[in-house]
Amino acid sequence: MPDSNFAERSEEQVSGAKVIAQALKTQDVEYIFGIVGIPVTEIAIAAQQLGIKYIGMRNEQAACYAASAIGYLTGRPGVCLVVSGPGLIHALGGMANANMNCWPLLMIGGSSERNQETMGAFQEFPQVEACRLYTKFSARPSSIEAIPFVIEKAVRTSIYGRPGACYVDIPADFVNLQVNVNSLKYTECCMSPPISMAETSAVRMAASVIRNAKQPLLIIGKGAAYAHAEENIKKLVEQYKLPFLPTPMGKGVVPDNHPNCVGAARSRALQFADVIVLFGARLNWILHFGLPPRYQPDVKFIQVDICAEELGNNVKPTVTLLGDISAVSKQLLEELDKTSWEYPPESKWWKTLREKMKSNEAASKELASKKSLPMNYYTVFYHVQEQLPRDCFVVSEGANTMDIGRTVLQNYLPRHRLDAGTFGTMGVGLGFAIAAAMVAKDRHPGQRVICVEGDSAFGFSGMEVETICRYNLPIILLVVNNNGIYQGFDMDAWKETLKFQDPTAVVPPMCLLPNSHYEQIMTAFGGKGYFVETPEELQKSLRQSLADTSKPSLINIMIEPQATRKAQMESSFVTRLECSGMIWARYNLSLLGSNDSPASAS
Ligand code: ADP
Ligand code: MG
């Protein structure tokens, strides 16, 4: 008689879908965002059965944004699960965004059956090749038995070295194929990335350059936030009395209201610093490439980064510190500690920075205090800031909405701001907010997610409001509505325009439908919606939304359709704004009836 144990062991079968789910579980994957369909539905179900949270989204792009934000917020990749062909292609934008931001992400795409390859199979597409441009690693396991190995490698690759996106391709025929459990071996959970430290001679040199600086500046990037370097960087700032400037997502590593934060004097700080320490921030467009006229031609950069290939990009650094920011900032602290030194708090540099901060803050305050209606951006953000809980996540996207919002809305905690990022991607907001709400629920109970969207930005992923309502995530969406992209028309100008010809010929490309009631998208799914036109209505609706933790809400805030930034124009959107101004002038002229305009034809 055969041994019954032996019989059981040799005959127990398991599906490919279950193997994928178990491999993800073994790698500590907590969240999957996606849209199911042929051939991945079974994978999502199997994952749920193992206790992995599955969040079904309405568009793969938004699902991918959400999964990538999980990577940034938790340090382990979120998974994005999509169907073959178009499903995967919709998600490419999210993969590109994750990779550009250096955020870990694991994309799993179903693909057509192997035995129909090149025959015109349903949704057939060269997915592994397509993903190569957007990832650090893109592969298809050679068999079901190879799945755990490839998934471990993808998870590890996404978080080791410079973090980024990884892709694993799952042919449809793998999903329901049964294999013998004895043929499977689950690769152990990959360890957290090893900590690398900078060369001691370089640390010594960096400390000496900092001590000899006349006008020093620390720039804190999202790499520092990702590295959890907040404690050491705060010590550097405070112990040595150094001015610091956060990048958009570096905000909160040291609180924005810290007296050494020179965010309100950004241009001046960049322009006149003689020594700049870059903690996890690339010298790309966000930092004006590190070049004159935005910087001194002989400014000394001390570059701290985990990615060797990043060192020396655009500018030759004086010192390079290759390593993990948390570890390297500790090394710097220890080295600077060897002598008693601090940057003199009464220096001329501090004085200039403080003066500039004061005058810029006064200018914003003045704009914020304007009582005229419709409201301007500053008035809106001033009132939002007044009520914003200190520990909330701020998600933001849009042009002026994001740029001005960033200067007024404060962050007090690291990794609590998510925005359009390195790639300037619009449409990320709702996916990011959903991810932040999951992280808040599981790791920071009680923290709220406030998502500040331009009306145009909101439109890219607006249907995710249904997702928010389905999972009952108490997100507060603020739609700062100026009826357009950069600028829009008010109702009168709109009606005037429509009197003439075909709207496709006369409606300025930046215009969206005026006075759109975006809040009704929220009420359609059972959330709370508010349409507000005055500061009082804004205050009241925000107070109610914050008090109600049982429901999501959307506050549609009408602002002056042609409101812009205050004069100093530090933004990277300046060129585009100027450009839209030109188009604007042309349309205004055409409405007045200049000879060669479409309007005058009527
Ligand atoms: P920002 O948009 O805030 O300017 P960037 O995305 O340009 O930031 O730069 C972030 C940098 O941080 C990248 O060059 C990345 O390689 C680096 N980085 C990410 N994680 C770490 C880490 N743990 N230690 C050091 N550098 C890191
Ligand atoms: Mg707008």
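**Loops and backbone**

I take helices and strands as DSSP runs, numbered from the N terminus, with at least four residues for a helix and at least two for a strand. I note at the start that this is a predicted model.

With elements assigned that way, I placed C102 in the loop between α5 (86–101) and β5 (105–111). I looked up its backbone angle and found phi near 60 degrees, a positive value in a residue other than glycine. I recorded this because most residues other than glycine have a negative phi. I then checked the cover of C102: its relative accessible area is 13%. The cut-off for buried is under 20%, so C102 counts as buried.

I found another positive phi at F289, about 65 degrees, and F289 is not a glycine either. F289 sits in the loop between β11 and β12. Its relative accessible area is 40%, so I entered F289 as partly exposed.

I went through the peptide bonds next. One cis bond joins P292 and P293, with omega about 5 degrees. P293 belongs to the loop between β11 (275–279) and β12 (300–305), and F289 is also placed between β11 and β12. A cis bond also joins I38 and P39, with omega again about 5 degrees. P39 lies in the loop that runs between β2 (31–34) and α3 (41–49).

**Ligand 1**

I listed the shell around ligand 1 and got 19 residues, of which R162, K222, T247, R282 and D305 come nearest. By class, I sorted the shell into 6 nonpolar, 7 polar and 6 charged residues. I asked which element gives the most to this shell. Helix α10 (residues 222–226) does, with 3 residues.

I then read off polar distances. A side-chain N or O atom of K222 is 2.7 Å from an oxygen atom of ligand 1. On the nitrogen side, I have 2.8 Å between a nitrogen atom of ligand 1 and an N or O atom in the side chain of D324. I also have 3.1 Å from a nitrogen atom of ligand 1 to a polar backbone atom of I306. For cover, ligand 1 has 580 Å² of accessible area on its own, and the protein covers 97% of this.

**Magnesium ion (ligand 2)**

I looked up the donors of the magnesium ion and found D455 (OD), N482 (OD1) and G484 (O), at 2.0 to 2.1 Å. I wrote their spacing in sequence as D-x26-N-x1-G. D455 lies in helix α18 (residues 455–460) and G484 in strand β18 (residues 484–485), so I noted that this pair ties together parts that are 29 residues apart in sequence. I checked whether D455 and G484 are buried or exposed. Both D455 and G484 are buried.

**Whole chain**

I counted 24 helices and 21 strands in the protein chain. The radius of gyration is 26 Å, and the globule rule gives 25 Å for 602 residues; the two are close, so I entered the chain as being as compact as a globular protein of that length. I took the span of the C-alpha trace along its principal axes as about 90 × 75 × 50 Å. Last, I noted that 57% of the 602 residues count as buried.

Technical notes. Residues are numbered from 1 along each chain as its sequence is written. Chains are lettered from A and ligands numbered from 1 in the order in which they are written. This is a predicted model: local features need pLDDT of at least 70, side-chain atom pairs count only at pLDDT 80 or more; totals for chains, interfaces and linings use all residues. Side-chain values use heavy atoms; hydrogens and water are left out. A residue is near a molecule or strand if one of its heavy atoms lies within 4 Å of it. A polar contact is a pair of N or O atoms within 3.5 Å; within protein, one must be able to donate a hydrogen and the other to accept it, and residues adjacent in sequence count only if both atoms are side-chain atoms. Accessible areas come from the Shrake-Rupley method with a 1.4 Å probe; for residues, only the protein chains shown count as cover. Ala, Val, Leu, Ile, Met, Phe, Trp, Tyr, Cys and Pro count as nonpolar, Asp, Glu, Lys and Arg as charged, and the others, Gly among them, as polar. Donors are N, O and S atoms within 2.8 Å of the metal (3.2 Å for Na, K and Ca); water is not among the atoms, so sites may look incomplete. Buried means under 20% relative accessible area, exposed over 50%, partly exposed in between (1.4 Å probe, protein chains only). The radius of gyration is taken over C-alpha atoms; the globule rule is 2.2 Å times the number of residues to the power 0.38.
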